[in-house]
Amino acid sequence: MEENEKKDILSLLPEELEAEFALLGEPKFRAAQIFQWLGRGVRSFDEMSNLSRDLRRTLQDRFFLYEPKVLSRQVSAIDGTIKYLWELSDGNAVETVVMSYQHGNTVCVSSQVGCRQGCAFCASTIGGLVRNLRASEILDEVIFSERDSGKKISNIVLMGIGEPLDNFDNVMRFLELVNHPKGMNIGMRHISLSTCGLIERFDDLAARNLQLTLSVSLHAPDDETRSRIMPANRGRGVENLIAACRKYYEKTGRRISFEYAMIDGVNDTPEHARLLAKHAREVAAHVNLIPLNHVEERQFQPSTPEHLKRFIKILEDSGVNVTVRRKLGSDVDASCGQLRRKIEKNRKGGQGPV
Ligand code: SAH
């Protein structure tokens with residue numbers, strides 16, 4: 001069998017593995033054994049020492065396994081944040097970041113190679129979408145970041161390269177895998193999924209009744225500003241987004257968090273703050289302000305400290321729960337997409353990702 005005809009074993013849930021083993025005439029417990037090997041980061045059937053040689057060969061013939069390679073590892077001298085660039089089986093690369101907080105270590109994973117949402121301030125979207133990541137590839141970002149860093153991962157944020165709701169099925173499968181009691185067993189309450197607002201998927205997500213935190217990258221409270229910096233707003237609109245957030249909150253009982261990157265002269269006026277406060281109160285959202293990371297190819301600059309302060313005060317005075325994200329890893333190409341772009345540029349002679 002050709003490599004690409006083989007099944008991706010790491011994307012299978014234990015129940016599905018059992019079904020595969022039933023087909024091979026193998027007992028159920030084999031599925032549990034293999035799930036455990038895979039969860040430990042073993043990526044060669046030959047290392048699965050409690051399986052017979054024949055079974056290992058059969059698996060080798062039917063299933064595909066790949067170990068992501070570290071293309072680059074940058075460790076922040078300031079706060080120990082680690083930024084990885086992984087090489088995937090087809091030569092594409094994605095970024096993963098490991099951040100240490102008092103309450104544990106958080107991994108920020110990518111969900112796609114590139115992105116097609118076109119946000120004007122973001123580096124990940126510059127070369128467009130190359131492809132979706134498989135569930136197994138997202139899972140390996142977690143497993144191998146933990147192994148390589150030696151830092152036990154307790155929290156996951158889907159805030160790396162890509163739009164998770166644009167790769168819905170694989171992302172849902174990843175969540176099931178990483179949450180599985182026999183796998184990494186990371187609780188849904190320790191997972192955040194960030195979206196630019198693909199509201200047509202909110203009902204599907206709510207229907208799964210996951211206890212994760214939905215983060216909405218709002219970045220502007222009115223259509224004119226938002227559509228200008230986030231093409232995903234065009235045809236959807238802020239009003240519909242807020243209505244979708246409200247519905248999601250009512251259905252799941254989970255508070256939404258609004259991400260808001262402060263961009264100098266673009267979305268940081270008192271009017272913006274007042275309208276943002278209104279939206280946040282309407283859906284009981286928490287507001288997370290992010291100092292914009294300047295991206296080389298983009299003209300945007302972060303808001304001044306004075307404007308940031310003014311903005312926070314308006315939100316607080318309106319009773320909105322607001323935090324400013326601590327900037328981690330600012331010396332290691334902090335915002336996602338930047339490292340991949342830099343390395344791909346070098347690899348492809350200045351062209352950037354294709
Ligand atoms: N596609 C998803 C998740 C990926 S981006 C989303 O849009 O939410 C994770 C967060 O980083 C988003 O809130 C995104 O808008 C933000 N972001 C992207 N580029 C940034 C930059 N240059 N500075 C600050 N935040 C940025």
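Trainee: Let's start with Lys83: which strand is Lys83 found in?
Mentor: Keep in mind that we're looking at a predicted model. Check where residues 82-87 run, and you'll see Lys83 among them. That stretch is strand E4.

Trainee: Is Lys83 buried or exposed?
Mentor: Go by the relative accessible area, where buried means under 20%. Lys83 has just 1%. Since that value is under the cut-off, Lys83 is buried.

Trainee: Which residue's side chain makes a polar contact with the side chain of Lys83?
Mentor: A polar contact needs N or O atoms within 3.5 Å. One side chain has an atom 2.9 Å from the side chain of Lys83. That partner is Glu95.

Trainee: And how many Å apart in space are Lys83 and Trp37?
Mentor: In sequence, Lys83 and Trp37 are 46 residues apart. For the gap in space, go from C-alpha to C-alpha. That gives 26 Å.

Trainee: Trp37 belongs to helix H2, right after which comes a glycine, so to speak. Which residue with a positive phi follows H2?
Mentor: Helix H2 covers residues 29-39, and Trp37 is among its buried residues. Look beyond H2 for a phi near 90°. The residue with that positive phi is Gly41.

Trainee: Which helices do the buried residues of H2 pack against?
Mentor: The buried residues of H2 include Arg30, Ile34, Phe35 and Leu38. Follow them to their neighbours and you get helix H1 (14-23), helix H3 (53-62), H4 and helix H5 (168-179). In short: H1, H3, H4 and H5.

Trainee: H4 came up there. What is the relative accessibility of Asp140, which is found in helix H4?
Mentor: H4 spans residues 135-149, with Asp140 among them. Leaving out residues up to four places away in sequence, Asp140 touches Leu10, Arg43, Tyr66, Pro68 and Ser145. Asp140 counts as buried because its relative accessibility is 6%.

Trainee: How are the rings of Tyr84 and Trp86 arranged: stacked or edge-to-face?
Mentor: This is one of 3 aromatic pairs in the whole structure. The ring centres of Tyr84 and Trp86 are 4.9 Å apart, with 20° between the planes. Planes under 30 degrees apart get one particular label. So the pair is stacked.

Trainee: What about Tyr260 and Phe311: how many residues apart in sequence are the parts that this pair ties together?
Mentor: Tyr260 and Phe311 form a tilted pair, 5.2 Å centre to centre, with 35° between the planes. Tyr260 sits in strand E12 (residues 257-262), while Phe311 sits in helix H10 (residues 305-317). So the parts tied together are separated in sequence by 51 residues.

Trainee: On to the ligand: which residue's side chain has an N or O atom 2.6 Å from an oxygen atom of the ligand?
Mentor: The closest residues around the ligand are Gly162, Ser194, Ser217, His219 and Asn293. Look among them for a side chain with an N or O atom 2.6 Å from a ligand oxygen. That residue is Ser194.

Trainee: How much of the ligand's accessible area does the protein cover?
Mentor: On its own, the ligand has 530 Å² of accessible area. The shell around the ligand holds 17 residues, which divide into 8 nonpolar, 7 polar and 2 charged. The share that the protein covers is 92%.

Definitions and conventions:
Residues numbered from 1 in each chain as written. Predicted model: local features only at pLDDT ≥ 70, side-chain atom pairs only at ≥ 80, totals over all residues. Heavy atoms only, no water. Near = heavy atom within 4 Å. Polar contact = N/O pair within 3.5 Å; in protein donor to acceptor, adjacent residues only side chain to side chain. Areas by Shrake-Rupley, 256 points an atom, 1.4 Å probe, with all protein chains shown as cover. Nonpolar A, V, L, I, M, F, W, Y, C, P; charged D, E, K, R; others polar. Helix = DSSP H or I, 4+ residues; strand = E, 2+ residues; numbered from the N terminus. Buried < 20%, exposed > 50% of the residue type's maximum accessible area, 1.4 Å probe, protein only. Contact = heavy atoms within 4.5 Å. Phe/Tyr/Trp six-rings, centres within 6.5 Å; stacked < 30°, edge-to-face > 60°.
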